[in-house]
Amino acid sequence: MSGCGFAVGVTVMPVDPVPSPWELVDPDPAPGLDEPLSDWLPVRRSASAAAGLLGQIVAAEAQLAALRAELVMDLAVARPAPVDPLPGGEGAGPTGPAGVSEFVPDELAAVQNCSRAAAVTLLEHAEVLTTLLPGTFGLLRRGRLDWARARAIAAEVAATGRETDPAVIAGMEAAVLPRAGELSVRGLREAVRAELLARDAAAADRRRQQRARGADVTVRPVGDGMSEFRVLMPHAEARACRDAADQHARAAKEAGDIRPLGLLRTGAVADLILRPWQERPSVTAHLTVVAPLAALTPAGFLSSGAARPAAFIQPGTAGPIGEVDGEPITAAHLRELLTRFDALGLRAPAGGTLDIAITDRTGRLLALTSPTELGRLARHGCPDHPDTACGCPVLGPPGPVDRYRPSAGQYRFTKARDRTCRHPGCTVRAGWADLDHVLAHADGGETSCENLCCLCRRHHRLKTFAPGWQHTMSDDGVLTVLTPSGVTRISRPPGYRVLTEPPPPPLDPADDPPPF
């Protein structure tokens, strides 16, 4: 087992031997990677045998959780904070043990392949278990307390504050641990909270202040066009807000509205916040429509005799800029696109703007244009051959500029391509992100769309100041991030697809009957 530099005062106990997962079952319990799952028939066991194995699995999972907590702290200890604070971090609260780098949660998230929020929580639980809860951690290491209950105890202690007297925590453990396995997770949390508050009168105020600092309003998409609108606030205010929404909903119901009560409550909340009856500054919207080039089939898109596409686009090896499968974005493509937009009646939102993103078969962004530019290029065509249906490209990404600051076109193109911060797992919208040179401009990196990506301020600081991180990006916008511990994560632009087979060959006009 790995040692933990933070586990001061923790008695390291021998771990009860538990068979490996595959020793618990059959020598060959699952098909190989090259065998179809349909050919594998599981061996059925008796109920008592299955129950016994499940119990052993719970114990093994607890021991693995204890090992993970130790390894998390090992990683934290190996990443000390710099002596001088890094620029740009003012106002950011602590997200890990004292004395460790602020970027430990980001590295842990990459190693665990989880969100940064989950990594912050795991780091907090690991620190509390290994430094403040020797009894709980000892049971976890032996497999005698499951991870869900150990995590619940750690969460309650963390909520009370790390300044809690160790004697108070020890008294709580002595009172709670003997019956921890008999309580539900919720019941265990309530018992831990009650024991802590009974021994520390000031704990309630610390918990309340800590929770108040986390008050916020968030939105969580749940699919099918719906989202959860969450507000974390003091209980009395939350109760009053819900009651007000309920009263407005019931008043509408009594007035004859036939919609469900829950729907009326949500409408009341929206109206009370948005106040549509008041004059307010208009909210403008920006709409980007994605148009796959392969879906456009004007005559100018037909190949002039090549047996196959000029290139089978693989990630990182796409063809020339402004081409798809070797075919350029021609004026004929744009005329077809303009015709389809007119047929659909697509227009910019009132007071807003509309962009058209043209992509190839992989989802790679080839060009970003506006309806005005689209119409102009469709009308005038190729400037070098105005009177012929040539195959010259007339649209592509913005070219590089010979300066540090990106051009307006590069800003539009890169934000449309990336949509969010491109650090693996980050979901901060591109509108709130910085445009960063993947290869630093000071190191010779050019200011081009192939060397620019969106990074939120936190991950921009990580890339700039955190030692040992490496970032590289291919021409099609696939970002590869290497952590100081050697873990590689890949971030592809939204909508990017990896082709598993070559695209179909180009159409031959002779194969299409009239009038095509």
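This report describes confidence, salt bridges, cysteines, backbone angles and a nonpolar surface patch in a predicted model.

**Basis and confidence**

The model is predicted, so local features need pLDDT of at least 70 and side-chain atom pairs count only at pLDDT 80 or more, while totals for chains, interfaces and linings use all residues. Residues are numbered from 1 along each chain as its sequence is written, and side-chain values use heavy atoms, with hydrogens and water left out.

The predictor's confidence in each residue is given as pLDDT, from 0 to 100. For the protein chain the mean pLDDT is 80, and 75% of residues reach 70 or more. Two segments are among those to be treated with caution: pLDDT stays under 50 over residues 1–15 and over residues 298–326. Counting contacts (heavy atoms within 4.5 Å), the model has 34 beyond four places in sequence for residues 1–15 and 70 for residues 298–326. Where pLDDT is low, the predicted coordinates should not be read in detail.

**Salt bridges**

Side chains of opposite charge can pair when their charged atoms come close. A salt bridge is taken here as a side-chain nitrogen of Lys or Arg within 4 Å of a carboxyl oxygen of Asp or Glu. The structure holds 22 salt bridges, including the three in the table.

| Pair | Closest N to O distance |
|---|---|
| R189 and E156 | 2.8 Å |
| D246 and R242 | 3.7 Å |
| D436 and K463 | 3.1 Å |

Helices (H or I, at least four residues) and strands (E, at least two) are DSSP runs, numbered from the N terminus. Burial is expressed as relative accessible area: buried means under 20%, exposed over 50%, and partly exposed in between (1.4 Å probe, protein chains only).

The salt bridge between R189 and E156 links distant parts of the chain, with R189 in helix α7 (residues 185–199) and E156 in helix α5 (residues 147–160), 33 residues apart. R189 is partly exposed at 31% relative accessibility, whereas E156 is buried at 1%.

D246 and R242 both belong to helix α9 (residues 235–254), where they lie four residues apart, about one turn of the helix. D246 is buried at 13% relative accessibility, and R242 is partly exposed at 40%.

The salt bridge between D436 and K463 ties together parts that are 27 residues apart in sequence, because D436 lies in strand β8 and K463 in helix α14 (residues 457–465). Both D436 and K463 are buried. Salt bridges that share partners also join R242, D246, R250 and R265 into one network.

**Cysteines**

With a disulfide defined as a pair of cysteine sulfur atoms within 2.5 Å, the count comes to zero. The sulfur of C421 has its closest cysteine sulfur in C426, 3.7 Å away, which is too far for a bond. C453 is likewise in no disulfide, the nearest cysteine sulfur being that of C454 at 7.1 Å. C421 is buried, with a relative accessible area of 2%, and C453 counts as buried at 2%.

**Strand β3 and backbone angles**

A291 is located in strand β3 (residues 286–292) and is buried, with a relative accessible area of 7%. Leaving aside neighbours within four places in sequence, A291 is in contact with L337, I356, A357, I358 and T359. A291 and L337 are 46 residues apart in sequence, with a C-alpha to C-alpha distance of 8.0 Å.

Most residues other than glycine have a negative phi. R275, in the loop between α10 and β3, has a positive phi near 45° and is partly exposed at 34% relative accessibility. R419 has a positive phi near 70°; R419 lies in the loop between α13 (408–418) and β8 (434–437) and is partly exposed at 41%.

**Nonpolar surface patch**

V217, V219, F229, V231, V269, I273 and L274 make a nonpolar surface patch of about 610 Å². Patches are made of residues with over 30% relative accessible area and no salt bridge, like charges being joined within 9 Å and nonpolar side chains (Val, Leu, Ile, Met, Phe, Trp, Tyr) within 5 Å. Accessible areas come from the Shrake-Rupley method with a 1.4 Å probe; for residues, only the protein chains shown count as cover.

At least two patch residues come from each of β1 (216–223), β2 (226–232) and α10 (261–274). Helix α10 supplies the largest share, three residues. L274 is placed in helix α10 and counts as exposed at 53% relative accessibility.
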